[in-house]
Amino acid sequence: MLLAQSQTIEDHILTHLKNGPKIIVELINAIKKQRPGTTKQGVYNALRILKKEEIVVTHKKQASLNLAWVNKISAFTSQTQNFYLKGRLDRVSLNVLDQGGKIQYFFKNPTLADAFWCHAIYILLESVPKGQAVYLYNPHCWVYITRPESERALRDYITSKDIKYLVAVHDKLPLDKYISNEFDGEASQYYMSGTLPFKPDNYYFNVIGDYLIEVWEDVGLTSKIEDLYKRAFIITEKEIGELRKIVISTGKTKLAISKNPKKIQKYKRIFEKHFYIKKL
């Protein structure tokens, strides 16, 4: 479905959601005004169809576009590709990785890096069998605060594939605890620790099947993020707004994708001590 000219309820839903998530009740009222005769039940039926097709996700009475679908659509338009990506990750790239190579990308700020990072995860997830887990380490998982819709969409997409979504962070500060309710403790799990042996403070990694994604954020930006996390004891819109400003500011981010079985096994052994993973 590509926002065709026909004004179906589904088309109206996608039009309203393209600029961000909407409260479902407000979405219904807006569509009823634009499309006379539309019923509440009609909008809910359309949402069920879009959810089944993995185009839309719902969370806490809100609806938003499924980022996996957005990334698939972006592949058809160079303009959208240029916005989300600073390079290509396609079958040719994966062949390079399969032969033991490494691919590196560079971005001018963490937000651009995160958009491509999500795109890479969606692609690499295709190689992960059901019943397994993905492992995501962040010094702080700030993306749930600065870009919650995209991260929730990624989490829900992973768990819908019957793949465990395991996230670990290096600290237990108030901003770390702030996102605890984003995880259900089963399909999605979150571990806060002051002892995980991953350094330096600007280093992030993901284990996605046989692939390893490693990210090094700008040292200066990392220092600002760390400072905010350490002094934010009460979380208000002020602190959230400050964090958002930090992660869109200029600062070079490096992202590398490789196949590194030795490092992957080492990281998985460390992770698995802190999560519940049912053995198949």
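**Asking how the labels are earned**

Visitor: Which residue in E10 is the bridge partner of Val215?

Guide: That's Leu255. Before we go on, this is a predicted model, where local features need pLDDT of at least 70, side-chain atom pairs count only at pLDDT 80 or more, and totals for chains, interfaces and linings use all residues. Residues are numbered from 1 along each chain as its sequence is written, and side-chain values use heavy atoms, with hydrogens and water left out.

Visitor: How do you know that E9 and E10 pair?

Guide: Two strands pair if DSSP finds at least two bridges between them. E9 and E10 have five bridges, in the antiparallel sense, so they pass that test. E4 and E10 pass too, with six bridges, also antiparallel. Lys102, for instance, stands opposite Ser258 in E10.

Visitor: And where do names like "E10" come from?

Guide: Helices (H or I, at least four residues) and strands (E, at least two) are DSSP runs, numbered from the N terminus.

Visitor: Why is strand E10 called mostly covered?

Guide: Five of the six residues in E10 (residues 253-258) are buried. Buried means under 20% relative accessible area, exposed means over 50%, and partly exposed is in between (1.4 Å probe, protein chains only). Now look at E4, where the side chains alternate. Ile103, Tyr105 and Phe107 point to one face and are buried, while Lys102, Gln104 and Phe106 point to the other and are not.

Visitor: At what angle do H7 and H9 pack?

Guide: Helix H7 (residues 110-124) and H9 pack at about 10°, with axes 11 Å apart. That makes H7 roughly parallel to H9, because angles under 35 degrees get that name (over 145 is roughly antiparallel, 65 to 115 roughly perpendicular, and the rest oblique). As for the axes, they are lines fitted to C-alpha atoms, for helices over the stretch in contact, and angles run from 0 to 180 degrees between N-to-C directions.

Visitor: Which residues in H7 meet H9?

Guide: Asp114, Cys118, Ile121 and Tyr122 do, and on the H9 side they meet Ser150, Glu151, Ala153, Leu154 and Tyr157. Contact here means heavy atoms within 4.5 Å. Sorted by class, there are six nonpolar, one polar and two charged residues. (Ala, Val, Leu, Ile, Met, Phe, Trp, Tyr, Cys and Pro count as nonpolar, Asp, Glu, Lys and Arg as charged, and the others, Gly among them, as polar.)

Visitor: What makes E4 and E7 edge strands?

Guide: Start with the strand order. Seven strands form an open sheet, E4-E10-E9-E8-E5-E6-E7, with mixed pairing. Strand E4 (102-107) and strand E7 (188-192) each pair on one side only, and that puts them at the edges. Neighbouring strands here are turned by 15° against each other on average, direction ignored. Helix H9 (residues 148-160) packs on this sheet, touching E5, strand E6 (164-169) and E7, and its direction makes about 135° with that of E6. Helix H13 (residues 261-272) packs on the sheet as well, touching E5, E6, E8 and strand E9 (211-216), at about 95° to E8.

Visitor: Which residues in helix H2 are buried?

Guide: In H2 (residues 24-34), they include Ile24, Leu27, Ile28 and Ile31. Seen down the axis of H2, the buried residues fall within an arc of 100°, so they line one face of the helix. The arc is that of the directions from the helix axis to the C-beta atoms. On the other side of H2, Val25, Glu26 and Lys33 are exposed.

Visitor: Why is Glu54 called partly exposed?

Guide: The relative accessible area of Glu54 is 29%, which lies between the two cut-offs, so the label fits. Glu54 sits in the loop between H3 and E2 and has a positive phi of about 60° although it is not a glycine. Most residues other than glycine have a negative phi.

Visitor: What about Asp162: where is its place?

Guide: In the loop between H9 and E6. Phi of Asp162 is near 60°, again a positive value in a residue other than glycine. With a relative accessible area of 48%, Asp162 is partly exposed.
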